[in-house]
Amino acid sequence: MTAPKKVVLAYSGGLDTSIILKWLKTEYGCEVVTFTADLGQGEELEPARKKAEDMGASSIYIEDLREEFVRDFVFPMFRANAEYEGLYLLGTSIARPLISKRLVEIAAAEGADAVAHGATGKGNDQVRFEIAAYALNPDIKVIAPWREWDLTSRTKLLEFAEQHQIPVAKDKRGEAPFSVDANLLHTSSEGKVLEDPAIEAPDYVYQRTVAPEDAPDTPEMVEITFERGDAVAINGEAMSPATILTKLNELGGKHGVGRLDLVENRFVGMKSRGIYETPGGTILLEAHRGIEQITLDSGAGHLKDSIMPRYAELIYNGFWFSPEREMLQALIDKSQEQVQGTVRVKLYKGSVNTVARWSDASLYSEAHVTFEDDAGAYDQTDAQGFIQLNALRLKLLAARARRLKK
């Protein structure tokens, strides 16, 4: 690859991306523009500006993307009830396309010819960042220092930092206990103490949720209102998408909701163990399924459930901007046109359960389903012909089997 002249770096302000910033300047002699996204990770981002200035960044972008993140990425994904391998709510995966989108847009605005990220060569994030970047600009150059440099250990990273006067927090001088990624949807912890899946994760790994056994002894009821498949209010109070997720995180965290210890299959081929906390997302998924129960037709719902694993896998593997994901999204969004109403969920000791749901668009008919007199709403004798027609092919198969056996 031709040496870039200007690079836009996805910059967290942490040790690794600070080293990358300096490495890009020394290795390529290029300008480096930093981009730091506030996706609700829960930490002060302004210190990243000072660090970027000290490292010699030519321009610095720090942007609050929380509303866009939830509105345009998290909520569309939750319309699908997406879970990777039936469990993971895709908190890291869904953040990467938005970061890549802004990297490419900033590169265009700055006249930069490359973007860079701090993902390692073993993980999924390198794939997600780069596939998204190429989908948005096929000519963009992508630099992944972890696949290029010889700083292959913590010791070498610290030596490089000291050589170039990069501040190193005292707790970074030893081996970090685990690696953490966080945004408004979840926290993800991996590595070090978590690498042996036979050992239970220590309590200090969890950051957003209390242990279920330490959660309040009294259940809490929460009502979530939906329009076209998206949450719009909590307990009758209208809120913005990011505010809703923030509130649900607070409620779920207090009751120990949303913990997951998962060994997953990475796209690059290996298995990895992660500890995920998705308190608000877990509540949102349960409530969304609750409102779909009474507003979504069975044919539409079953079709939607059948494509969900494929949809989730596309997001996990980094194909948010692919035509197939967009095609599936159109189908999903069509299904949500009448998914409206309110769900009451009960939070208690790590669990969230739907206990009531109601909607003006409900398909539920008590008159048809009642065990009492239905006043002619349903003629039970109709079931006889229904059963006979559905059993006909099975009767023919059984008759053939009996004939051939003789």
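## Leu65

In this predicted model, Leu65 sits in a loop. Strand S3 (59-64) comes before that loop and helix H3 (66-79) follows. Leu65 counts as buried, because its relative accessibility is 6% and the cut-off for buried is under 20%.

What does Leu65 touch, leaving aside residues up to four places away in sequence? The list is Phe35, Ala37, Asp38, Leu39, Leu98 and Arg102. Leu98 and Arg102 fall within the range of helix H4 (96-110). Glu337 gives a longer-range reference point: 272 residues separate Leu65 from Glu337 in sequence. Their C-alpha atoms are 26 Å apart in space.

## Two positive phi values

Asn81 is not a glycine, yet its phi is positive, near 55 degrees. Asn81 belongs to the loop between H3 and helix H4 (96-110). Is Asn81 buried or exposed? Asn81 is buried, with a relative accessible area of 0%.

Lys349 also has a positive phi without being a glycine, at about 50 degrees. The loop that holds Lys349 links strand S13 (341-348) and strand S14 (351-358). Lys349 is partly exposed, because its relative accessible area is 25%, and partly exposed covers values between 20% and 50%.

## Helices H7 and H8

Packed helix pairs are described by the angle between their axes and by the distance between the axes. Helix H7 (residues 241-254) and helix H8 (residues 279-295) have axes that come within 7 Å. The crossing angle is roughly 100 degrees. H7 is therefore roughly perpendicular to H8.

Which residues make the contact? H7 supplies Leu245, Leu248, Asn249, Leu251, Gly252 and Gly253. H8 supplies Pro279, Gly280, Gly281, Ile283 and Leu284.

## The whole chain

The protein chain has 12 helices and 14 strands. Its C-alpha trace spans about 85 × 55 × 45 Å along the principal axes. Of the 406 residues, 48% are buried. Among contacts with a separation of 6 or more, 73% join residues 24 or more positions apart.

The accessible surface comes to about 20200 Å². Carbon and sulfur atoms account for 51% of that surface. The chain carries 47 positive and 62 negative charges. The mean positions of these two sets are 6 Å apart.

Technical notes. Residues numbered from 1 in each chain as written. Predicted model: local features only at pLDDT ≥ 70, side-chain atom pairs only at ≥ 80, totals over all residues. Heavy atoms only, no water. Helix = DSSP H or I, 4+ residues; strand = E, 2+ residues; numbered from the N terminus. Buried < 20%, exposed > 50% of the residue type's maximum accessible area, 1.4 Å probe, protein only. Contact = heavy atoms within 4.5 Å. Areas by Shrake-Rupley, 256 points an atom, 1.4 Å probe, with all protein chains shown as cover. Lys, Arg positive; Asp, Glu negative; His and termini not counted. Charge placed at Lys NZ, Arg CZ, Asp CG, Glu CD. Axes fitted to C-alpha atoms, helices over the stretch in contact; angles between N-to-C directions. Parallel < 35°, antiparallel > 145°, perpendicular 65-115°, else oblique.
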